[in-house]
Amino acid sequence: MKRDTYILAIETSCDETSMSIIKNGETEVATVVLSQIDIHKNFGGVVPEIASRNHIENITIVLEELLSKASMKIEEITAIGVTYGPGLIGSLLIGVEAAKTISLVTGKPLIPVHHIAGHIYANNLEKRLTFPLIALVVSGGHTELIYMKEDYSFQKIGGTLDDAIGECYDKVAKVIGLEYPGGPKVDKLAHQGNDTYNLPYPLDDKSYNFSFSGIKSAVINLVHNENQRENKINIEDLCTTFQNRVVTVLTKKTMRALKEYNVKNLIVAGGVSANSGLREKLAEECRKEKINLSFPRLNYCTDNAAMIGAAAFFAYKKGIISDLSLNAVATDNLYR
Ligand code: KG4
Ligand code: ZN
């Protein structure tokens, strides 16, 4: 009988201290996510130094809570998976050092996981990925279209030339006075207004690239000009218009990629995959085109260690193992 593989996964790339135990890359045994949002929202965004200090304070507490929740001993783990990048370097380092320490003490293998591979494999916790597939990765730091011909094979076919979509949502939210992280709040308001404002479609061209700095500046200028003229801004209408523009372009380019690459499976990944406008529009188009569409469950859209545990299993199967010289990297385009 084949033995089960239990991955202890660690994710500390931004402001969530999270650990999880995942069985065979698809079943969650237990997960703990300790969010620092309440601390950072006082500053209007994540403060890297504060995030890293909080990870130090939280990491052993999270580990103890996880093992007790899973009713498992650390010796029962097969391997340790950890996000090595990209992300905030001071935050990543805490997770990487913790993983290396556990690996050293237990003698279990250490598996480095790219944060975006994690977001993609959050979908494997819903149902087994079917290949070939296109992944639309939409998060606070990434906006990419990725072609996967098989497990743990990532071919980037397009990406943002400037801001990430989540970053753009958060900036738009900030300029209209919504608290960090503003993405979900803009999404909610977008369902309460009408598409009345004159905003551009961001990089609506034949490429697979994205650009959100133009629409971000357009919103900032619009708010600025209306304030100067002492005109009241209809926040709901502005959110509706903004969401319509970005969702239209994201959907259009994704559907074109599916067609041109002759792929019938689409998965969406990253924090912005929680966006209801994007979910609705993609579902509608995929129904028409008979594409199998998958989203992570809502609490696995944003950062968590469960997704890292799922990805680590497939990295492990490919022999991706690191020694104790593993280091955190803030920016890394290579999917290891
Ligand atoms: O994946 P994630 O947790 O962190 C990164 O790896 O970047 O994504 C966080 C981003 C934030 O920008 C947040 O505002 C955005 O995801 N987000 C949303 C929604 N939920 C989270 N943006 C739009 N609509 C949402 N419902
Ligand atoms: Zn993320």
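These notebook entries record what I looked up in a predicted model.

**Entry 1: the zinc site**

I began with the zinc ion (ligand 2) and listed its protein donors: His115 (NE2), His119 (NE2) and Asp303 (OD), at 2.0 to 2.1 Å from the ion. Along the chain I read their spacing as H-x3-H-x183-D. I then placed two of these donors in the fold: His115 belongs to helix H4 (residues 115-121), and Asp303 to the loop between strand S10 (292-294) and helix H10 (305-317), so the pair ties together parts 188 residues apart in sequence. I also looked up their accessibility. His115 has a relative accessibility of 6% and counts as buried. Asp303 is buried as well, at 16% relative accessible area.

**Entry 2: ligand 1**

I next turned to ligand 1, which 19 residues surround. The closest are His119, Gly140, Asp170, Gly271 and Asn275. I noted that His119 is also a donor of the zinc ion. For Asn275, I found an N or O atom of the side chain 2.9 Å from a nitrogen atom of ligand 1. Two backbone contacts were also noted: an N or O atom of Gly141 lies 3.2 Å from an oxygen atom of the ligand, and one of Asp303 lies 3.0 Å from an oxygen atom of the ligand. Asp303 thus appears in both entries, with its OD atom listed for zinc and its backbone for ligand 1.

**Entry 3: the sheet**

I traced an open sheet of five strands with mixed pairing, in the order S8-S7-S6-S9-S10. Strand S8 (155-159) and S10 are the edges; each has a single partner strand, so one side of each has no neighbour in the sheet. From one strand to the next, I recorded an average twist of 20°.

At the S10 end, strand S9 (residues 265-269) pairs with S10 in the parallel sense over three bridges, and Ile267 stands opposite Ser294. Helix H9 (residues 276-289) packs on the sheet and touches strand S6 (133-138), S9 and S10. The direction of H9 makes about 175° with that of S9.

**Entry 4: strand S7 and its partners**

I examined strand S7 (residues 143-148) and found six of its six residues buried. Thr143, Leu145 and Tyr147 point one way from S7, while Glu144, Ile146 and Met148 point the other way.

S6 and S7 run antiparallel with six bridges, and they form a hairpin with four residues between them. In this pair, Val137 stands opposite Glu144. S7 and S8 also run antiparallel, joined by four bridges, with Gly158 as the bridge partner of Leu145. Six residues separate S7 from S8 in their hairpin, and Tyr152 in the turn has a positive phi of about 55°.

Notes: Residues are numbered from 1 along each chain as its sequence is written. Chains are lettered from A and ligands numbered from 1 in the order in which they are written. This is a predicted model: local features need pLDDT of at least 70, side-chain atom pairs count only at pLDDT 80 or more; totals for chains, interfaces and linings use all residues. Side-chain values use heavy atoms; hydrogens and water are left out. Donors are N, O and S atoms within 2.8 Å of the metal (3.2 Å for Na, K and Ca); water is not among the atoms, so sites may look incomplete. Helices (H or I, at least four residues) and strands (E, at least two) are DSSP runs, numbered from the N terminus. Buried means under 20% relative accessible area, exposed over 50%, partly exposed in between (1.4 Å probe, protein chains only). Two strands pair if DSSP finds at least two bridges between them. Axes are lines fitted to C-alpha atoms, for helices over the stretch in contact, and angles run from 0 to 180 degrees between N-to-C directions. Contact means heavy atoms within 4.5 Å. A residue is near a molecule or strand if one of its heavy atoms lies within 4 Å of it. A polar contact is a pair of N or O atoms within 3.5 Å; within protein, one must be able to donate a hydrogen and the other to accept it, and residues adjacent in sequence count only if both atoms are side-chain atoms.
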